[in-house]
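This report looks at how the chains of one model are arranged and at a few points of backbone geometry.

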There are 2 protein chains.
Amino acid sequence: MATVRDVARRAGVSIATVSRVLNGSGYFDEATARKVRKAVEELGYRPNIHWRRLSRQASQTVCFLLGNRDAMNSMQMKVLMSCERALNEAGFDLVFASFRYSAGVPGSRLDLPRLLVHQGAVDGVILAGVHYSNLLEALSRLKLPYVVMGNTFVGTRDELKTDSITYDDVAGAYEATQCLLRLGHRRIAFVGDVSLPWFRRRHGGYSLAMSRAGLEAFGVTASWEIRNIDYGQLAAAELLRDGPPPTAIFAGNDEIAAGVWKELVKRRIEIPRQMSLMGFGDREEFSLLEPPLASVSVFQERLGAELAQMLLAKLGRPGLRIPARTLPCKVLERGSVGPPPAAR
Amino acid sequence: MATVRDVARRAGVSIATVSRVLNGSGYFDEATARKVRKAVEELGYRPNIHWRRLSRQASQTVCFLLGNRDAMNSMQMKVLMSCERALNEAGFDLVFASFRYSAGVPGSRLDLPRLLVHQGAVDGVILAGVHYSNLLEALSRLKLPYVVMGNTFVGTRDELKTDSITYDDVAGAYEATQCLLRLGHRRIAFVGDVSLPWFRRRHGGYSLAMSRAGLEAFGVTASWEIRNIDYGQLAAAELLRDGPPPTAIFAGNDEIAAGVWKELVKRRIEIPRQMSLMGFGDREEFSLLEPPLASVSVFQERLGAELAQMLLAKLGRPGLRIPARTLPCKVLERGSVGPPPAAR
DNA sequence: GCTGCCTCTGTAAATGTTTACACAACAGGC
DNA sequence: GCCTGTTGTGTAAACATTTACAGAGGCAGC
């Protein structure tokens, strides 16, 4: 395999000149550059990336670390894709890694991916689906800059004040509720386990809109520890069993909404004629329901690009902490919402 | 930052001994090993991964290359996840890269990700969602071993005879059709553009089952160049407009099935009472339809793990070509299929 | 007691790039 | 003529690891 030395010899220049031409750094004559490029071409020279990373003292690589080895949702996938694109434009590569808390118990001892404990392997880390802060401490000990997608650490009242990008759960949920109110709904139920911070925030936005309208907030917010989709289904069953049913259901996320949907279809309750349904997150796969599920878009592609940019801004500036950012959401008023039965 | 040299000095041994202990290679005394490990601990030594890769002449890294920069489906995502897991167990890291044919035109000039044209950057490549063979030639020129997910090269009658893993489209489609026949269906329509090799193979399995049962194969197989979901919807409309309608529809994949579903719901045709519906691929997101969509599982996790293993088997054996593998499928007979109306 | 094998350790070589620094040539200003 | 700054090029150092090879010591078998 050809090396800079070979190229230098063939072009009749020194290795330093070759390096300068190839990297476009420092001074060099255009005629010399042509000779060098010709030699590169003829020898089929390809620079060895490890030497480059070593010499430059930077790997030009970022790790996308997924905190859940078993499943990745379509939002995380979209963020991954857009991170990769943004990083690529900046000349960085992305290594994908996932991990699991060793014992499967939240907060238990964690083994970081081997890669990260090696010196110089990556310049920084983008975290997604990570809900326990001991990982952040581990990364800090390794002096690895990181940014966090979402603001979703459980077991603490505090939210991450820096180095994270979230969407505005509260405002998004407020807007979504407003949308349902505008359509004429008065009995709007919320469904989602409020012991989880993101559902708590969304419930907050919902409650605010309801109380401002002089209406009572209600719904299913218990902690059941089951899959989101099952949660939605059970919650819908409960709402339809006890007391007067709502005319609209606002689900904490699209998966829960799909569960609610399932139960409504089973009971032959027509959407949106008899019941309106609103989700949160605008996960692509749920838009194909018929009629399409209304939801709150969190601009997943933008989220990924901004995460990448925030991390890049931190590189080479040890200790720099960037204030947490919150991106706006947008309500997508699709077919699954409409006026309540009474208003027709 | 501590280096092997520091560790060696502190432990009172040579650097060769440190390296041997840390890598568990060659002979060393357990007492010496303890001294070394103690020194590592005290100094907080972390090996520099670039030197390691350089010295070992191997990057221990594999590139997962997605041929479609704009979208990734949940199957590719699952394969990515399981590749990562399998590679990790083997001590390899995974770098994720995506690309797009430059002009957006299939078969046009392609720019490979920068990473791949660097010497030694990755040891091999796993390809997913790549449908044009000029990429394979480019990788061969770079002497990079690769394996391909799916067997989906368009514009050629030949299939990839080596270095690929596919699921058995023909057998899977045959079984799925058999399943519908067993339920009593006689008019079963196929929906999917047979100019695409995977739909052609599935159509082949379907046709075989039909002809063996002495029945006529029919359906919508034209080339419309629209999104799968729209294809399904239009095809369903066409099937219901012309001639006697089928009692079951076998869609070329789950996305098309979802399109068909949409149209059926719109026309208030009940599934499966009036019409049975079968998909292909078992994409997770579609199982939440109510009733759940019957489909053909292609064992996505296994696919990823086998891809990783096939690639690992090729490493260090330049020129080795491994015969293409075909994994079996399994029909998941879920709620969207049932006996035809007449049989009730 | 010699031979050969096994065990353990150290020496030294090899690996390809970037970059600090030196230096040369030349132009322009005084 | 001398100084200064700009431009282009070469020399040499620095980087941390693995590994081939040498060699020392112990021990078993003859």
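The text below deals with symmetry, then the interface, then local backbone features.

**Symmetry**

The model is a predicted one. A turn of 180° with a shift of 0.1 Å along the axis lays chain B on chain A, and the RMSD is then 0.2 Å. That is how a two-fold axis relates its copies. Within chain B, the residue that comes closest to the rotation axis is B:Val95, whose C-alpha is at 1.9 Å.

B:Val95 also takes part in strand pairing, as the bridge partner of A:Val95. The strands concerned are S2 of chain A (residues 93-98) and S2(B); three bridges join them and they run antiparallel.

**Interface**

In the contact between the chains, 55 residues of chain B face 55 residues of chain A. The copies meet through the same surface, because 100% of the interface residues of chain B are also interface residues in chain A. The area buried between chain B and chain A is about 5,100 Å², and carbon and sulfur atoms give 58% of that area.

Polar contact across this interface, counted at pLDDT 80 or more for both residues, amounts to 21 residue pairs. The side of chain B that touches chain A draws at least two residues from each of helix H4 (49-56), helix H5 (74-89), strand S2 (93-98), helix H6 (114-117) and helix H11 (254-266) of chain B. Sorted by class, that side of chain B holds 28 nonpolar, twelve polar and 15 charged residues.

Four salt bridges are found across the interface of chain B and chain A. In a salt bridge between A:Arg268 and B:Glu270, the side chains meet with an N to O distance of 3.8 Å.

**Backbone features**

Each chain has a cis peptide bond that ends at a proline, as tabulated here.

| Chain | Cis peptide bond | Omega |
|---|---|---|
| Chain A | A:Ile271 to A:Pro272 | about 0° |
| Chain B | B:Ile271 to B:Pro272 | near 0° |

A:Pro272 sits in the loop that runs between helix H11 (254-266) and strand S9 (276-278) of chain A. In chain B, B:Pro272 is in the loop between H11 and strand S9 (276-278). Helix H11 of chain B is also one of the elements that supply at least two residues to the side touching chain A.

Another backbone feature concerns A:Gln60. Which sign does phi of A:Gln60 have, positive or negative? Phi of this residue, which is not a glycine, is positive, near 50°. A:Gln60 belongs to the loop between helix H4 (49-56) and strand S1 (61-66) of chain A.

Terms used: Residues are numbered from 1 along each chain as its sequence is written. Chains are lettered from A and ligands numbered from 1 in the order in which they are written. This is a predicted model: local features need pLDDT of at least 70, side-chain atom pairs count only at pLDDT 80 or more; totals for chains, interfaces and linings use all residues. Side-chain values use heavy atoms; hydrogens and water are left out. Copies are superposed by least squares on the C-alpha atoms of residues with pLDDT of at least 70 in both. Contact means heavy atoms within 4.5 Å. Buried area is the accessible area (1.4 Å probe) that two parts lose on being put together, summed over both. A polar contact is a pair of N or O atoms within 3.5 Å; within protein, one must be able to donate a hydrogen and the other to accept it, and residues adjacent in sequence count only if both atoms are side-chain atoms. Helices (H or I, at least four residues) and strands (E, at least two) are DSSP runs, numbered from the N terminus. Ala, Val, Leu, Ile, Met, Phe, Trp, Tyr, Cys and Pro count as nonpolar, Asp, Glu, Lys and Arg as charged, and the others, Gly among them, as polar. Two strands pair if DSSP finds at least two bridges between them.
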